[in-house]
Amino acid sequence: MCIIILINMNKYVQEIEQFLMEGRMEALMRNFFQSLGKSHTAVKLARRYGLKFGAGRFVAGETIDRAISAVRRLNLEGKMATLDHLGEFVGTEQEATESASMCIQTLKAIAAAGVNSNLSLKMTSLGLDISKDLCMNNMRRILNCAREHGNFVRIDMEDFSHCQISLDIYRELRREYDNVGLVIQAYLYRTEQDIEDLNALKANLRLVKGAYKESPKVAFPDKKDVDDNFRKIIRQHLSNGNYTAIATHDEAVVKDSLDFIKERRIPNDQFEFQMLYGISEELQNRLVQEGYRVRVYVPYGIDWFGYFMRRLAERPANVWFVLKNMFK
């Protein structure tokens with residue numbers, strides 16, 4: 001009986017794979033996983049059962065030691081890293097302070113281990129939704145530590161409701177610090193103008209397509225428009241002469257970017273490619289072999305569930321990877 005059930009399950013999973021890969025449920029699945037990532041009940045269950053069912057492919061682990069080990073392996077492969085202690089939408093000042101302390105601990109661990117890694121963070125985890133002053137105080141603590149250790153901090157862009165205040169805070173911090181960068185999302189209508197405005201600061205930007213569900217009032221609803229705008233802003237920021245982190249797994253975008261870079265004779269030290277831990281490793285390796293800078297975004301920590309759900313929402317192939325692990 002058990003064998004029959006397993007055979008039927010395997011057949012069912014194969015059918016799901018075909019259904020997903022044909023794209024018939026892509027929009028539905030994206031909405032489902034984005035909503036699930038915000039569920040407090042689901043987060044509690046995820047914490048209880050740990051990094052099972054495939055999440056370990058995309059998250060380095062729950063501890064800083066595991067994360068540093070992952071970065072060390074990447075460095076041996078010729079890749080740089082950026083570590084992110086996962087956590088979003090804290091509810092109290094104490095939680096925000098603890099999150100900032102974890103960022104500082106991460107920077108100190110990077111320095112102690114001698115690995116090549118920056119730090120990435122989300123300002124909602126530092127109290128942005130509680131008060132701007134609390135967030136600014138935590139950001140200064142982190143940036144002072146990073147400056148002491150000769151390191152760099154990247155502010156992740158979150159959903160549209162946090163876009164303007166994130167830009168405002170970044171501008172304030174740039175008056176005090178030169179070791180801070182920002183993420184800009186291609187799917188927002190406002191992005192091209194934001195990049196032009198940030199040119200005055202010679203901003204170090206990570207350019208991404210964007211992974212949050214947004215209203216068509218503020219974001220391009222069609223993938224083709226997002227892709228076209230992504231290519232446009234990559235060329236725009238490179239042409240402005242500013243450091244550009246091209247964050248994509250889209251090989252067509254990588255090729256288009258490299259064609260533009262070669263055409264304009266842009267030096268290799270003005271850009272890097274960034275990709276997510278556990279995704280597109282063959283492409284990462286090929287770019288390294290061709291002499292380009294590659295940085296891998298390495299998330300870790302107990303609050304990994306929301307991040308994991310966004311990765312599933314982005315690509316149906318990631319869902320299939322998890323399904324296979326569930327039925328092994």
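In which helix is the place of Ser99? Ser99 lies in helix H5, where helices are DSSP runs of H or I with at least four residues, numbered from the N terminus. The model is predicted, so local features need pLDDT of at least 70 and side-chain atom pairs count only at pLDDT 80 or more, while totals for chains, interfaces and linings use all residues. Residues are numbered from 1 along each chain as its sequence is written, and side-chain values use heavy atoms, with hydrogens and water left out.

Ser99 counts as buried because its relative accessibility is 10%, buried meaning under 20% relative accessible area with a 1.4 Å probe and protein chains only. Leaving aside residues up to four places away in sequence, Ser99 touches Ser125 and Leu126, a contact being heavy atoms within 4.5 Å.

Helix H5 (residues 93-113) packs against helix H6 (residues 132-148) at an angle of about 10°, with the axes 9 Å apart. That angle makes H5 roughly parallel to H6, a term for angles under 35 degrees. On the H5 side the contact includes Glu93, Ile104 and Lys108, and on the H6 side Leu134, Arg141 and Cys145 are among the residues met. The residues of this contact divide into nine nonpolar, three polar and three charged.

As for confidence, the chain has a mean pLDDT of 85, and 75% of its residues reach 70 or more, on a scale from 0 to 100 that gives the predictor's confidence in each residue. Over residues 19-24 the pLDDT is below 50, and this stretch has seven contacts in the model beyond near neighbours in sequence. Where pLDDT is low, the predicted coordinates should not be read in detail.

Conventions. Axes fitted to C-alpha atoms, helices over the stretch in contact; angles between N-to-C directions. Helix = DSSP H or I, 4+ residues; strand = E, 2+ residues; numbered from the N terminus. Parallel < 35°, antiparallel > 145°, perpendicular 65-115°, else oblique. Nonpolar A, V, L, I, M, F, W, Y, C, P; charged D, E, K, R; others polar. Buried < 20%, exposed > 50% of the residue type's maximum accessible area, 1.4 Å probe, protein only.
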